[in-house]
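The following exercises concern side-chain packing. Each task is followed by a solution that goes step by step.

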Amino acid sequence: MYGRYTQDLGTFAKDEAARLRLQQGHGEGGTPRPRRPSKLLEYTQGRCAPCRVCALQCQRFLISKVGEDWVFLILLGLVMALLSWAMDFAIATCLQAQKWMYGGLDTNVLLQYLAWVTYPTVLITFSAGFTQILAPQAVGSGIPEMKTILRGVVLKEYLTLKTFVAKVIGLMCALGSGMPLGKEGPFVHIASMCAALLSRFLSLFGGIYENEARNIEMLAAACAVGVGCCFAAPIGGVLFSIEVTSTFFAVRNYWRGFFAATFSAFIFRVLAVWNKDEGTSSGWGTWGSPHPAPLTPATPPETITALFKTRFRLDFPFDLQELPAFAVIGIASGFGGALFVYLNRKIVQFMRRQKTINRFLMKKRLLFPALVTLLISTLTFPPGFGQFMAGQLTQKDTLVTLFDNQTWAKQGVSDEFEYLGILEAWCHPRSNVFVTLVVFILMKFWMSALATTIPVPCGAFMPVFVIGAAFGRLVGESMAAWFPDGIHTDSNTYRIVPGGYAVVGAAALSGAVTHTVSTAVIVFELTGQISHILPVMIAVILANAVAQSLQPSLYDSIICIKKLPYLPELGWGHHEKYNVRVEDIMVRDIRYITLNCKYRDLQHVLHSTKMKSLPLVESA
């Protein structure tokens, strides 16, 4: 058999199996006996025996014609799309309930404050308590754990049904509270758990779970599905999942990731159209029109569109003279991303190193998330300090306004622009739009770094994405103020489009924090336009270059904090460590036990060392 091709081996195996069956049939009396397949024997008894046999035969026919992988990936994409849509609906309902409570108490500011603060505190506390009781493994993003699992390390209880339930319910409550938290990282974990549970509990896919290599391939495809159904960005989802979870990626898995992610994103957007929530809060004003349309909810279209659809100018989206400004966004985002990772890690290390605080919080596990939520919700209270940072806007509404086509202010005077719809949140009578954007960026930066340390299922991609969009918008508004009539090229005037700068900033900062370039593709799929492809790529590459030279990615930082068995890539300036050998760092002076040692020697060794395990050698 050595040297045969795969097709020849398959034919040989079938012929050999037929010969063995024929020999077994002639075993007694020399006459062949018809034998039923072993899997059909248990279905031949009972009233529904013909139906069972027919169902099993249809199952075999489906697998033989369609393929086991295709059926599994379709089911995975369908389940994740339905789950993503249902969770988005529940989260939107929770956020709407908070707005309803806040708006119904407009006659009393104190009651408004109590409602604004109590609602998210209860949800976050419930999420933390429920997750801690049911499955503590569901806390956090899940991407660091998936990176470790895809390396071949077995992490107990991370892909179980109990963790799945805790992750879904905990994430729903955490995002419904309105805290600056994300869902992309947890959805990667949820999709991986969904794939593991499908392969484990469905007998149809038993072969996938039993084969470790196939199981890893399906988990890699599930990571792409998690991003694809979260942002309706299948291409960016596949590339992002490869960048953040895989060191080495098998090209043969490409089609699995793309197929499952595309199918999941398609179903997710079809459900949005069917539910008539497609296009909500996306009534964009047309650039250059004498009477721009207000940014208010528009009539839902009857087709699938991008999640945050933009309508930037296509004939001349940007001038080449604006490229230095986009490069500045990329470099500044690189420093900002490194600072975010550093701040997040320092907060966690501070809480762990302070033994008094750590001991107290271990006894009162729900106190820390409640206090953090109370602090953040107090600062974002709209009649209070939140009026200087658009505190009443959700993350989705914030992105919708930041990607707006219109220029909000000229020469820093906010009165020249008529704020309508949800854009009113950025208007303050005693300050201009620049002050509001600066306060928003500074406050949301440390709030997001602090909020992502709460022991609930949450991610950091979406808050960082929003902060980057705000920073890009600030640069765009500054450019529009410095060049109120636009940049003159060939006797033509093209005005600055600040929304394009917001798109560039969002991709750059999120790419710097995660050390990925695929955020550029995610941005294109989110907005539905690639008019700013060159500025986005320049900013993302520069941001990655700066961030990778300063700090590890956020996921590698969490791996180091949790001390997971994973070796991250060496950063810039540390390549000489590739030449370090084990003998250079190993501990040589250790206690050991020989085969001939006596009880007194063993007792002496145990008293003289604190090691939990001792090496056993033949002789010394």
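**Exercise 1.** Are Phe-231 and Phe-461 buried or exposed? Classify the geometry of their ring pair and state which elements the pair joins.

*Solution.* The model is a predicted one.
Step 1. Phe-231 and Phe-461 are both buried.
Step 2. A pair of aromatic rings is described by the distance of the centres and the angle of the planes.
Step 3. The structure contains 11 aromatic pairs. For Phe-231 and Phe-461, the ring centres are 5.7 Å apart and the planes stand at 45 degrees, so this pair is tilted.
Step 4. Helix α10 (residues 212–231) holds Phe-231 and helix α18 (residues 461–482) holds Phe-461, so the pair ties together parts 230 residues apart in sequence.

**Exercise 2.** Where does the largest nonpolar core lie with respect to domain 1 and domain 2?

*Solution.* Step 1. The largest nonpolar core comprises 126 residues. Leu-76, Met-80, Leu-181, Ile-190 and Phe-403 have the most contacts inside it.
Step 2. Helix α18 gives the most to this core, namely 13 residues.
Step 3. Because domain 1 (65–275) and domain 2 (322–410 + 421–562) both give residues to the core, it lies between them.
Step 4. A second, separate core has 6 residues, including Ala-81, Trp-85, Ala-232 and Ile-267.

**Exercise 3.** Does Thr-609 count as buried or exposed, and why?

*Solution.* Step 1. Thr-609 belongs to the loop between α24 (599–608) and β4 (616–617).
Step 2. Its relative accessibility is 17%. Buried means under 20%, so Thr-609 counts as buried.
Step 3. Leaving aside residues up to four places away in sequence, Thr-609 touches Arg-591 and Leu-614.

Note on methods
Residues are numbered from 1 along each chain as its sequence is written. This is a predicted model: local features need pLDDT of at least 70, side-chain atom pairs count only at pLDDT 80 or more; totals for chains, interfaces and linings use all residues. Side-chain values use heavy atoms; hydrogens and water are left out. Rings of Phe, Tyr and Trp (its six-membered ring) pair if their centres lie within 6.5 Å; planes under 30 degrees apart count as stacked, over 60 as edge-to-face and the rest as tilted. Helices (H or I, at least four residues) and strands (E, at least two) are DSSP runs, numbered from the N terminus. Buried means under 20% relative accessible area, exposed over 50%, partly exposed in between (1.4 Å probe, protein chains only). Contact means heavy atoms within 4.5 Å. A nonpolar core is a set of buried Ala, Val, Leu, Ile, Met, Phe, Trp, Tyr and Cys residues joined through side-chain atoms within 4.5 Å. Domain bounds come from an automatic or database domain assignment.
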